[in-house]
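Trainee: Could you take me through the nonpolar core of this one? I'd like a close look at that part and how it sits in the rest of the chain.

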Amino acid sequence: METRVRQLSKDAYPKELLEIPSPPDSLYIRGTWPLPDTIRLAVVGSRELSAYGKEACHLLIKGLSGHPISIVSGLALGTDTEAHEAALEAGLHTIAVPGSGLADTVIYPKTNQPLAERILKAGGTLLSEHEENHSARKEDFPSRNRIMVGLSKAVLIIEAAPQSGTLITARLTHEYNRELLCVPHRITDPHGYGGHLFMTLGATPIRTSEDILLALNIGEQNTLSI
């Protein structure tokens, strides 16, 4: 298990990341990169995740078990935490892109440092454009979102309220020509605002993990529904 922080040379960057308008000048990694044929799926949403959102996140990711998929998220509280946890439970590779550097002493949020350790022990990856001991600042979070989107073939929005930062990630998904996937909610639920908005603009509604597999061109499988 490789756990030290090491810097990637530009020729070692994932090619998808070099396609975005502002690829990172530097990129640091801890852990193990997924196998070459692995498809990366970003999972994003509210830090104030509802019970429905948590259930949806776990059920959808559980249904991806056994497929060559890596779950990309930002190690934040709420949706990010549940996405990484669900990936670990499903035996899937997961990539965490925190707004901080990758040293144990600065991993943000501090409460998720044990989760970061579990990701590494499971053969996953921590990735950052910041030097090892960089402490996260407010402006680092929107910029790290471009890395998450740039790495991924598609972005799944679990939930996003009207003022959610997830809406910025959804905009980047469109700008970077990635597939945008959204979980439907009740029409009166403010957590569903972002997903419902983007579905009216052409995002793919996701009710089952099979819907995700089809969006990723993996094919029809027997999967779990919510």
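Mentor: Sure, and keep in mind that this is a predicted model. Let's start with charge, to set the scene: the chain carries 21 positive and 26 negative side chains, and the centres of those two sets lie 2 Å apart. As for what's tucked away, buried residues make up 56% of the 226 residues.

The chain is built from seven helices and nine strands. Its radius of gyration is 16 Å, close to the 17 Å from the globule rule for 226 residues, so the chain is as compact as a globular protein of that length. Look at contacts with a separation of 6 or more, and 72% of them join residues 24 or more positions apart.

Now for the core itself. The largest nonpolar core has 28 residues, and those with the most contacts inside it are Val97, Leu127, Leu151, Ile157, Leu180 and Phe198. Two or more residues each come from β3 (39-44), α4 (140-151), β7 (154-157), α5 (166-175), β8 (179-182) and α6 (193-200). Of these, α4 gives the most, with four residues.

Zoom in on Ile157 for a moment. Setting aside neighbours within four places in sequence, Ile157 is in contact with Val44, Thr166, Ala170, Leu180, Leu181, Cys182, Val183 and Phe198. Two of those partners, Leu180 and Phe198, are also on the list of residues with the most contacts inside the core.

There's one more thing to find: another core lies apart from this one, with 26 residues, among them Ile61, Ala87, Ala90 and Ala154.

Key
Residues are numbered from 1 along each chain as its sequence is written. This is a predicted model: local features need pLDDT of at least 70, side-chain atom pairs count only at pLDDT 80 or more; totals for chains, interfaces and linings use all residues. Side-chain values use heavy atoms; hydrogens and water are left out. The radius of gyration is taken over C-alpha atoms; the globule rule is 2.2 Å times the number of residues to the power 0.38. Buried means under 20% relative accessible area, exposed over 50%, partly exposed in between (1.4 Å probe, protein chains only). Contact means heavy atoms within 4.5 Å. Lys and Arg count as positive and Asp and Glu as negative; His and the chain ends are not counted. The place of a charge is taken as NZ of Lys, CZ of Arg, CG of Asp or CD of Glu. A nonpolar core is a set of buried Ala, Val, Leu, Ile, Met, Phe, Trp, Tyr and Cys residues joined through side-chain atoms within 4.5 Å.
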